[in-house]
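Welcome! Here is a short tour for anyone meeting this structure for the first time. Have a look at the sequence and the 3D view, then read on.

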Amino acid sequence: MPHLPTEIEHILTVWFPVVFMLGRTQVAVMGNCSNTLGIPPGKGPHQVGCADLMVDHTVQGSFFRLYYPCEPSPSSEKPCWIPSQEYFDGLADFMKINRSFAERIFNYLYGKRSALSRVALMLSQNCAIEPPILSRSLCVGVCLTCILHGVFMYLTVISCYTCLNFYSCKIPLALTGSYRIPAFWEAPFKSNGKYPLVIFSHGLGAFRTLYSAICAELASRGFVVASVEHRDESGSATFYFKENSQMQQQAHQADTKNSKPVQENLEKVWMYYRALKPGEEEFSLRNNQVQQRANECIRALKILDEINSGKSVTNVLQSEFDWSSLKNSLDLCKTAVMGHSFGGATVIETLCKELTFKCGVALDTWMVPLKEEIFPNVKQPILFINSEKFQWAGNIIRMRKLDSASIQRKMITIRGTVHQSFPDFTFLTGNWIGKVLKLKGDIDPHLAMDLSNKASLAFLQRHLSLDKDFNQWDPLIDGKDENLIPGTNIHVPSSSM
């Protein structure tokens with residue numbers, strides 16, 4: 001392997017000028033990047049608020065982000081997409097990248113005194129390029145760096161965290177903190193009758209904020225959505241607290257406002273992704289995890305049931321949101337569970353364990369963690385929405401084993417999509433680099449998300465008996481659209497069913 005500085009010098013002298021000019025060309029052709037890259041807001045009639053709730057500070061507690069219809073609040077801000085640096089560290093762990101190694105590379109490339117930062121600053125001053133646009137152009141260069149090192153996807157996010165000092169901002173600019181959740185932080189809850197409830201489960205290596213486009217869309221349409229952050233060691237990172245009576249107050253100074261505990265004697269403990277150990281059987285680990293995930297979804301439902309009934313619930317995190325405003329505002333007879341990938345498997349496990357959930361929406365489900373013997377115990381309708389590029393015959397066969405003559409089980413496939421067409425990543429990279437990193441498919445990501453959301457809303461209306469107009473999208477449930485495939489694009493021999 002060549003000496004690292006030589007590689008970096010090659011990148012700076014060869015790749016960076018090319019990539020930077022490509023970035024400028026893309027800006028010139030597409031217009032202002034801030035209008036083309038970003039997490040789309042909900043399209044429904046409601047403004048959307050969000051707040052975090054942690055009940056019980058221990059690892060056995062519950063932690064989720066709630067999205068909800070809110071009242072207009074001029075003083076409310078939209079929170080950062082990636083909550084803190086530890087989540088970047090977790091993404092590095094998930095991608096099997098040494099944290100300090102990655103940090104050295106990116107400090108060299110983007111550090112306050114780095115040659116690249118000085119060159120970039122000079123270019124931005126001389127070429128009248130706005131810093132946010134410039135940082136996105138530079139990040140394309142980092143993407144190519146990652147490809148040269150055999151690294152992809154999440155490293156793009158991690159790398160941009162070191163842009164922190166480059167523009168003297170409080171948040172990184174490129175693919176990370178410059179992007180905001182399309183919801184207002186702790187905005188007042190909008191009391192307007194009773195809202196249906198959706199519990200959302202994230203995928204492997206993800207966490208509670210990475211599906212904000214889906215969650216915000218549902219909330220804008222009149223749902224309350226709880227996006228659970230799982231503590232089964234399948235996510236990139238999460239945290240809980242332990243008691244420490246000797247702890248000094250300054251230990252919390254590094255915490256963001258959104259993650260500080262109410263009690264000063266609580267010390268934050270981070271939990272990161274656990275990889276398979278040598279010789280360890282994957283199914284055993286994943287099945288234990290999916291059962292814990294299902295229990296965490298059910299626990300979130302029960303906490304919201306308590307809040308809805310007027311019981312006081314203590315939030316471990318410092319919060320100005322009035323959780324008592326949710327009293328009598330949730331219709332728990334109209335509750336569904338939704339998730340992506342490992343979260344899709346969590347949907348099925350949760351439906352098996354808890355009949356309060358009336359239906360489920362499973363996005364590009366990874367069926368490996370599930371025991372097939374539970375399938376007959378799943379009594380609720382399920383909509384499978386798959387990508388065109390991720391699925392394989394064995395996975396589809398297991399989905400088909402959930403087919404029922406008496407319970408509606410639907411499957412559609414969105415043409416031109418990839419597995420990462422469902423998380424927010426798909427909206428935060430340019431077209432060509434997004435395709436290289438498999439964060440984008442051939443279809444416009446906004447169109448793909450729109451089809452997925454509309455099919456989900458139509459399915460939810462049908463099986464939660466909602467008085468809405470979502471039934472206008474009923475044909476999508478049957479795959480009736482030029483960008484949809486009824487069922488699957490995967491050939492499955494009839495003899496295998």
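This is a predicted model, and a good place to begin is its interior. The largest nonpolar core has 70 residues, and those touching the most other members are Tyr67, Trp81, Leu218, Phe223, Ile385 and Leu460. Helix 13 (residues 445–464) gives the most to this core, with nine residues.

**The cores**
- Phe223 shows what such contacts look like: leaving out residues up to four places away in sequence, its partners include Tyr67, Tyr68, Pro196, Leu218, Leu460 and Phe470.
- There is also a second, separate core of 52 residues, with Ile199, Val228, Cys297 and Val313 among them.

**The listed active site**
- An unreviewed UniProt entry lists Ser341, Asp364 and His419 under "active site".
- These residues span 79 residues in sequence, yet no two of their C-alpha atoms are more than 8.1 Å apart, so they gather at one spot.

**Ser341 up close**
- You will find Ser341 in the loop between strand 8 (330–340) and helix 10 (342–353).
- Ser341 is buried, with a relative accessible area of 8%.
- Not counting residues up to four places away in sequence, Ser341 touches Gly203, Leu363, Asp364, Thr365, Trp366 and His419.

**Asp364 up close**
- Asp364 sits in the loop between strand 9 (357–363) and strand 10 (382–387).
- Asp364 is buried, with a relative accessible area of 0%.
- Setting aside neighbours within four places in sequence, the contacts of Asp364 include Ser341, His419, His340, Ile385 and Phe422.

Key
Residues are numbered from 1 along each chain as its sequence is written. This is a predicted model: local features need pLDDT of at least 70, side-chain atom pairs count only at pLDDT 80 or more; totals for chains, interfaces and linings use all residues. Side-chain values use heavy atoms; hydrogens and water are left out. A nonpolar core is a set of buried Ala, Val, Leu, Ile, Met, Phe, Trp, Tyr and Cys residues joined through side-chain atoms within 4.5 Å. Buried means under 20% relative accessible area, exposed over 50%, partly exposed in between (1.4 Å probe, protein chains only). Helices (H or I, at least four residues) and strands (E, at least two) are DSSP runs, numbered from the N terminus. Contact means heavy atoms within 4.5 Å. UniProt positions are given in the numbering used here, feature names are shortened, and annotations may be inferred rather than shown by experiment.
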